[in-house]
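Dear colleague,

I am passing on a structure that you may like to look through at your own pace. Please open it first, and then read the notes below alongside it.

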Amino acid sequence: AFNLAVHLSCALVLFGIVDRTLRNLTSTGQSARRGVGPAFACAALWLLHPMHTECVNYITQRTESMMALCYLLTLYCAIRAHGTDARTTWAVAAVVACAAGMATKETMVTAPAVVLLYDWAYRSETIRKTLRQRWPLHASLAATWGILAALMLAGPRSNTVGFDLGVSAGQYSLNQCMIVIDYLRLLVWPFPVILDYGVPRE
């Protein structure tokens, strides 16, 4: 039930991100309403894609969906923090969500950069101007990297990735290159979707 609630929350936040982005790109109310359709389609694809069954059914994989929720919340709150009366509240919420994500899983590391790139793409003409306009938010988001760095020093995932079984960091990195390609393929054609994709490849 918890995993399903997190997954549903991710879909709702994703809907909000796409909807708000499309609204900000349009000037008329009629055009803004047209963003609901694409936002719903994106959220539905996220919600129903077979690749997400593991996050819902496999208890130890809930870190993936929890990190995803924190990631999406960070971006959504950062979007809401632009041009509103409650910008400070939304900015604080973005930093809190980012910090929680950093404490959840390492893949959250890109979130501050993604927020910066989003602001650059949709709010400003240059990176320098983006940083000048919203430097407190971006600096605070970058500061959450300290949480991840502190947790990584203890090597909490050394056993779960197989380092205790003789898998070297180099072998692990090379395997990740192939696994990422496999996952990209499964996003397009999700078959076969299984729990364990096998032992490390040489």
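**What was found**

F40, with a relative accessibility of 57%, counts as exposed, because the cut-off for that class is over 50%. The residue belongs to helix α3, which covers residues 36–48, and its C-alpha atom is separated by 8.4 Å from that of D19, although the two residues are 21 apart along the chain. Please keep in mind throughout that this is a predicted model, and that what follows describes the model as it was computed.

It may help to step back to the whole chain before going on. There are 10 helices and 0 strands in the chain, so that, read from the N terminus on, the order of elements is α-α-α-α-α-α-α-α-α-α. The chain has 202 residues, of which 32% count as buried. Among the contacts in the chain with a separation of 6 or more, 67% are between residues that stand 24 or more positions apart.

Next, the interior. How many residues does the largest nonpolar core have? The count is 30, and the residues with the most contacts inside this core are I17 and M108. At least two residues of the core come from each of α1, α5 (62–80), α6 (87–102), α7 (111–123) and α8 (127–143), and α5 gives the most, with 11 residues. If you would like to follow one of these residues by eye, I17 touches L72, L75, Y76 and I79, leaving aside residues up to four places away in sequence.

Two residues are worth looking at beside F40, since their class is the opposite one. Is N3 buried or exposed? N3 has 4% relative accessibility and therefore counts as buried, the limit for that class being under 20%. N3 lies in helix α1, which spans residues 2–24, and its side chain makes a polar contact with the side chain of R62 at 2.9 Å. Not counting residues up to four places away in sequence, N3 touches R62 together with C55, V56, Y58 and I59.

The other residue is T130, found in helix α8, which is buried because its relative accessible area is 2%. Which residues does T130 touch, if those up to four places away in sequence are not counted? They are L116, D119, W120, S124 and H138.

Staying with α8, you can then follow the chain to helix α9, which covers residues 145–152. The axes of these two helices come within 4 Å and cross at roughly 5°, and since angles under 35 degrees count as roughly parallel, α8 and α9 are therefore roughly parallel to each other. Where they meet, L141, A142 and A143 stand on the α8 side, and W145, G146 and I147 on the α9 side. Sorted by class, this contact has 5 nonpolar residues, 1 polar residue and no charged residues.

Finally, please look at P192, which is found in the segment after α10 (169–188). The peptide bond that leads from F191 to P192 is cis, with an omega near -5°, and you may wish to find that bond in the viewer for yourself.

With best wishes

Definitions and conventions: Residues numbered from 1 in each chain as written. Predicted model: local features only at pLDDT ≥ 70, side-chain atom pairs only at ≥ 80, totals over all residues. Heavy atoms only, no water. Buried < 20%, exposed > 50% of the residue type's maximum accessible area, 1.4 Å probe, protein only. Polar contact = N/O pair within 3.5 Å; in protein donor to acceptor, adjacent residues only side chain to side chain. Contact = heavy atoms within 4.5 Å. Core = buried A, V, L, I, M, F, W, Y, C linked by side-chain atoms within 4.5 Å. Axes fitted to C-alpha atoms, helices over the stretch in contact; angles between N-to-C directions. Parallel < 35°, antiparallel > 145°, perpendicular 65-115°, else oblique. Nonpolar A, V, L, I, M, F, W, Y, C, P; charged D, E, K, R; others polar.
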